[in-house]
Structure formats: structure tokens, C-alpha cells
Amino acid sequence: MNTEPETGEIRRPLRGWRVLVPRGGPWGDQVAALLRTEGAIPVIAPLVNFAPTTEVAELDTALADLASGAFDWITLTSATTVDVLYAYRAVIPATTRVAAVGETTAAALTAVGYRVDLVPDEDDSAAGLAEQIIDLETESRRVLALRSEVAKPVLTRRLIEAGHDVRSVVAYRTVGVPVTERIAADVASGRINAVLVTSGSVAEQVGEQFPDLPETTLVAAIGPRTARDARKLGLRVDVVAAETNVPALLVAISGQPVPETGDVPR
């Protein structure tokens, strides 16, 4: 617990910040709770959600096989994939190891009660996750790779090239979620002091839904890869977390000047 050395009061480094949390559900609630602990006012405004896959039968079969213990590994390359597992109440047996592409996906898994067995040490990408599994597994393993409709099958290709038996299944389609008029007005007026950008799809929605984002609104990316994706989309990025997780993202924000407009929420 951080305390001020002279007063003994709890130090809240984000006091005065109003922060937009771009995802809802258990992950969004968890991030909001962390923001409140740091003194910030969280504004949960989901910008993306998942739509049903066009390969429903394949997904249903894959999740049934997963529950029966047909796979040695399941790989998840986004927090949205976790949303799909949770929505389907998917069962991951103890014999199946769970690999998450980065800390954001890992946090989403733990937030809904799933365990995480592997997160890449350094390269938090699909390629990095594939290499980590390849290094660990010297024999052929059965892998269920869940992905979005637009994701490139980098992980699947690398694992197959290394001799693993991979079933790649499209779990969802990513769709944008329009924010309410009130949220849009708060962002446009600068009332929102910071926007968390936690994925390329979130960055895309920030750019589309907030085209006139005030210069005073801090755009905070959860890691270098997300920052690169955001900049490719033309989105300004002000701060980047040193590590790909929410606590590091909040540390990055806390290093910025406290906003002058931290008025009491309506």
C-alpha cells in the first residue's frame, strides 16, 4: 500500500483523472476497480464486442472436444477470445494447458475464473507465443487455436511447421460498439482525461468514434505492439506501458501531469 510519508494517508497517484475503460465485462470491472484504488474515476464504455462466428458448428465441436480432453494446449491471442469462452461456459480440463498471448489476455482469463499456464516471457505476439510452446514441447502436441475472423494464422502455421497437430477455429468476429451520446460528448469536451487503448481493434474504434479527440486527452497504449497498431491507424499515442499489463499502463499514466479539469462526475 502506498502512503504519504508525512501524513500516513494512502497515496493515490491517479487522483483527478477520469479514465475511459474500453472494454466491459469482468475485465472492465477489474480495471475499473484498480483505477478507483489509484484514485481515478473510471468510465466504462465498451468500444468493441464480439459477434458470432460464421463457423458456429466448428466452434461448438471444438469446445465439446476441448471439454472432453482432446487437446494438450489451448491458445488464446486476445481478451475477446476469453469473452467467447466465458459466453459459451467452455470447460478447460486440468489436462489441457492454457497459453495466453500477453498479460491483457491472461488477466481476462483469470478475471472469469480460468487459469493461465503460459504467457510469453518477452515477445507478446502470436509468433512469440508459438515459439514459447515450441521451445517447451519437443514432441507433437494437440493444440486448439482460437482466433478472430481477421487474424492471420501466424501461430497455427508456426506450430504446424514444428510438427504439432493444430486445429484452428474462428471463434468470433470483432464489431465496434457505438458509445452513448453522453460519452461522446464527454470525450469531445475533454472531460475524459485519458483513454486506455488495449488492442488494435480498440484503437480503430477510438479513431473512428472520437475523430476530434482533444489534445489534452491522454491516449495510453498497453504495450509497444498495441502502440504500433494504433499509430498505423493514424491514432496519436501519448504514453506506452513498459510492460503489457494494466498496472504498468496506470504507472505510465501516473507519470503525466495531473489534469486540471478533474471535476466531480455528473
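## Strand 1 and its neighbours

Strand 1, helix 1 (residues 25–37) and strand 2 form a β-α-β unit, and that unit is right-handed. The model shown here is predicted. Strand 1 and strand 2 (residues 41–44) run parallel, paired over four bridges. Within that pairing, L20 has V43 of strand 2 as its bridge partner.

Strand 1 also pairs with strand 8 (residues 194–197). This pairing is parallel too, with two bridges. Here L20 stands opposite V195. L20 therefore has a partner in strand 2 and another in strand 8.

## Two covered faces

Which residues of strand 1 lie on each side? R18 and L20 are on one side, and V19 and V21 are on the other. All four are buried, and both faces of strand 1 (residues 18–21) are covered. A general rule helps in reading this pattern. In a regular strand, side chains alternate between the two faces of the sheet.

## Helix 3

Now turn to a helix. Helix 3 spans residues 79–87. Its buried residues are A79, T80, T81, V82, V84 and L85. What covers them? Three of the helix's neighbours in this role are strands 3 (48–52), 4 (73–76) and 6 (142–148). The cover also includes strand 7 (165–176), helix 2 (56–67) and helix 4 (103–111).

A general rule applies to helices as well. An α-helix has 3.6 residues a turn, so residues three or four places apart point the same way. Just after helix 3 comes R89, with a positive phi of about 50°.

## Salt bridges

How many salt bridges does the structure hold? There are nine. One of them joins the side chains of D65 and R167, at 2.9 Å from N to O. D65 lies in helix 2 and R167 in strand 7, so this pair ties together parts that are 102 residues apart in sequence. D65 is partly exposed, at 22% relative accessible area. R167 is partly exposed as well, at 32%.

E131 and R158 make another salt bridge, with their closest N and O atoms 3.5 Å apart. Why does this pair link separate parts of the chain? E131 sits in helix 5 (residues 126–136) and R158 in helix 6 (residues 154–161), so the bridge ties together parts 27 residues apart in sequence. Both ends are partly exposed: E131 has 33% relative accessibility, and R158 has 31%.

E137 forms a salt bridge with R141. Their closest N and O atoms are 2.9 Å apart. Is E137 buried or exposed? E137 counts as buried, at 13% relative accessibility. R141 is partly exposed, at 27%. Elsewhere, salt bridges link E215, R236 and D238 in a network.

## The largest pocket

The largest pocket holds about 1,200 Å³ of space. It is lined by 46 residues. Which of them are closest to its centre? They are T77, S78, G200, R225 and D229.

Several elements give two or more residues to this lining. The helices are helix 3, helix 4, helix 5, helix 6, helix 8 (200–209) and helix 9 (224–232). The strands are strand 6 and strand 7. Strand 7 gives the largest share, with five residues. Strand 7 also helps to cover the buried residues of helix 3, and R167 of strand 7 takes part in the salt bridge with D65.

Methods
Residues are numbered from 1 along each chain as its sequence is written. This is a predicted model: local features need pLDDT of at least 70, side-chain atom pairs count only at pLDDT 80 or more; totals for chains, interfaces and linings use all residues. Side-chain values use heavy atoms; hydrogens and water are left out. Buried means under 20% relative accessible area, exposed over 50%, partly exposed in between (1.4 Å probe, protein chains only). Contact means heavy atoms within 4.5 Å. Two strands pair if DSSP finds at least two bridges between them. A crossover is right-handed if, with the strands pointing away from the viewer, the path from the first strand over the helix to the second runs clockwise. A salt bridge is a side-chain nitrogen of Lys or Arg within 4 Å of a carboxyl oxygen of Asp or Glu. On a 1 Å grid over the protein atoms alone, a cavity is a set of points where a 1.4 Å probe fits but cannot get out, and a pocket is an open set with protein on both sides within 12 Å along at least five of seven lines; lining residues have an atom within 4 Å of a point. Grid points are joined across faces, edges and corners, and a volume is the space filled by probe spheres set on the points.
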